[in-house]
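Please look over the model shown here, beginning with a single chain as a whole and then turning to the pocket lined by residues of more than one chain.

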2 protein chains.
Amino acid sequence: MVTIKEVAEYAGVSVATVSRTLNNSGYVGKQSRIKVEEAVKTLGYYPNEIARSLYQKTSKMIGLLLPDISNPYFPLLAKGVEDYAQRNGYMVILGNVEDDEEKEEMYVKFFSQYNISGVLSAASGKKSQTYQVPFVLLDRALEEENYSIATDDQLGGELAAKAIIDAKGKQVVVMAGPGNVAGANDRLSGALSVLNDEGLSYQVFETHTYQVDKAEETAVELFESTRPFDSVIASNDVYALAVMKETIKRGHRIPEDIQIIGYDDMLFSRLMYPGLTTIAQPAYEVGYQGAKMLVDLIEKNSIEQKKVKLKPKLMMRDSLR
Amino acid sequence: MVTIKEVAEYAGVSVATVSRTLNNSGYVGKQSRIKVEEAVKTLGYYPNEIARSLYQKTSKMIGLLLPDISNPYFPLLAKGVEDYAQRNGYMVILGNVEDDEEKEEMYVKFFSQYNISGVLSAASGKKSQTYQVPFVLLDRALEEENYSIATDDQLGGELAAKAIIDAKGKQVVVMAGPGNVAGANDRLSGALSVLNDEGLSYQVFETHTYQVDKAEETAVELFESTRPFDSVIASNDVYALAVMKETIKRGHRIPEDIQIIGYDDMLFSRLMYPGLTTIAQPAYEVGYQGAKMLVDLIEKNSIEQKKVKLKPKLMMRDSLR
């Protein structure tokens, strides 16, 4: 790596002059400035961020905590975060915390040790007070006082239930996502409010996780622990896919015998045949907007809205009648 | 954040004593050591890694470059990397470089500025010489001299072609992945060697990217630019899914009229119905082993093998006859 000393030697000026030029502080003669700028360009010098970070007690690094990166919703969100961060000179530290308090604890420690300048979290565990830096929650709005970007999941739940009613569902199973996830509760309450208004018969089937590798066993359990049904409002697209597979394995037709609606709008939901009708969450947008909000907090820019809710959208495909 | 000075005050010893205790250097009396350890525990002190990093010119951060995090293969790989890193006290910086030289260039710069201690790359662009730190290639072995972990894609291509032959394919289309990706060439050469040995009729259909959002248009192009076929060896599972959808849209049956084999073994390939027969790549294992190799390089542990090839596996499902 090129050092500031080498830049000074190349430019034929003192280290102090290089430093003043780079930091735009104090007087530097016009000729010296030009020489320094040429030297910086020729040698490919960039200031050591670690040194700057130690001095300023902050870095241009942001932490991103995800509950399960193998759930295809989160890579889309991560892509949005990374795009915004990269364009604005920030690096993203990835933490896959798997709803595991200990893993999150470890990242809290890491982040403090490395002077991370802010944290984005889609994980459910820690409170924002744990982090002594700007903190934005993604899609899992935990506390009233937090900055957050989320999908309007109450509306999402309503849209799903309305779609089922429009498709003449009679006996509905609503899969309730993990209770510790705010968005999951909102979806449930949105769906139930519509079903109650219509006086429709329904059962709530509780799932305790969104973890991808639990999808298949959950689908089996769904069939074994509920009364007969003709419609399923699934927790998300991965779980919808598992329920579809179990439905067909048991000799039922989709959508004639059992109809299913998902939540998320994953790539595979669009690419599979028949296509999965689902509620599209703007995952990329949540990540992108979340990173923007966090960078605005770090850089002390004004923020119009502390809590942003993005609108989900019904994607009609072929899994409803 | 708790400072070393506060630890010293709490323990009733000098800062130098705290420093010697934490670094295990120089003499510290037994009583003082106990007091320091208690103070560290009570106050929740951890040394500032930024300061340590500046001094040692290295950090406990590793960079992970991915070509496209929205392709579901890479999150699995990232999960493997993160698991190993986290267990061994390293943080993972995520860079989604999208086969874009400029983005990778920017990360080379970032990584140097932050004294990153090593780089894992599944991206195709830069040469290892660009990084002045330990460097391990994941799945895209570019140069002979690199450390790398990859799937044995030649074998994978052979397995796919053999499966098609066993399923009585007569007119085969082989999708050739991007030519700048070593693994793609190996798959192609593996598949063609088997097809040639059997004297089977085939066409090669070239794709120029693995980017997920190009899958649907590529599937349309496949049907429009080739002679009639009854079997497709797809570039990967995402592309296989898109080809399946286009096949059904055009009124062909799977596998009766057209049979399809994928590559990767994504979650959705297992969950969809009918299931996609595919070649399983050990994505998580590639990430985990890659991170282990990188950490061994960083910590100067001995490494048994410079180039590791993991074996892919045929997953029989329902998309072949």
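The paragraphs below go from the overall build of chain A to the lining of the largest pocket.

This is a predicted model, and the description of its fold can start with chain A, which contains 12 helices and 12 strands. The radius of gyration of chain A is 25 Å, whereas the globule rule gives 20 Å for 321 residues, so the chain is more spread out than a compact globule. In line with the principal axes, the C-alpha atoms of chain A fill a box of roughly 85 × 35 × 35 Å.

Within chain A, 58% of the 321 residues are buried, where buried stands for a relative accessible area under 20%. Of the contacts in chain A that link residues at least 6 apart in sequence, 71% are between residues at least 24 apart. The accessible surface of chain A amounts to about 13,500 Å², and carbon and sulfur atoms account for 49% of that surface.

The largest pocket has a volume of about 870 Å³, and among the 38 residues lining it, those closest to its centre are Pro72(A), Met266(A), Leu267(A), Ser70(B) and Pro72(B). Which helices supply at least two residues each to the lining of the largest pocket? From chain A they are α5 (73-87), α11 (267-271) and α12 (283-298), while from chain B they are α5 (73-87) and α11 (267-271). Sorted by class, the lining of the largest pocket holds 20 nonpolar residues, 13 charged residues and five polar residues.

How values were computed
Residues are numbered from 1 along each chain as its sequence is written. Chains are lettered from A and ligands numbered from 1 in the order in which they are written. This is a predicted model: local features need pLDDT of at least 70, side-chain atom pairs count only at pLDDT 80 or more; totals for chains, interfaces and linings use all residues. Side-chain values use heavy atoms; hydrogens and water are left out. On a 1 Å grid over the protein atoms alone, a cavity is a set of points where a 1.4 Å probe fits but cannot get out, and a pocket is an open set with protein on both sides within 12 Å along at least five of seven lines; lining residues have an atom within 4 Å of a point. Grid points are joined across faces, edges and corners, and a volume is the space filled by probe spheres set on the points. Helices (H or I, at least four residues) and strands (E, at least two) are DSSP runs, numbered from the N terminus. Ala, Val, Leu, Ile, Met, Phe, Trp, Tyr, Cys and Pro count as nonpolar, Asp, Glu, Lys and Arg as charged, and the others, Gly among them, as polar. The radius of gyration is taken over C-alpha atoms; the globule rule is 2.2 Å times the number of residues to the power 0.38. Buried means under 20% relative accessible area, exposed over 50%, partly exposed in between (1.4 Å probe, protein chains only). Contact means heavy atoms within 4.5 Å. Accessible areas come from the Shrake-Rupley method with a 1.4 Å probe; for residues, only the protein chains shown count as cover.
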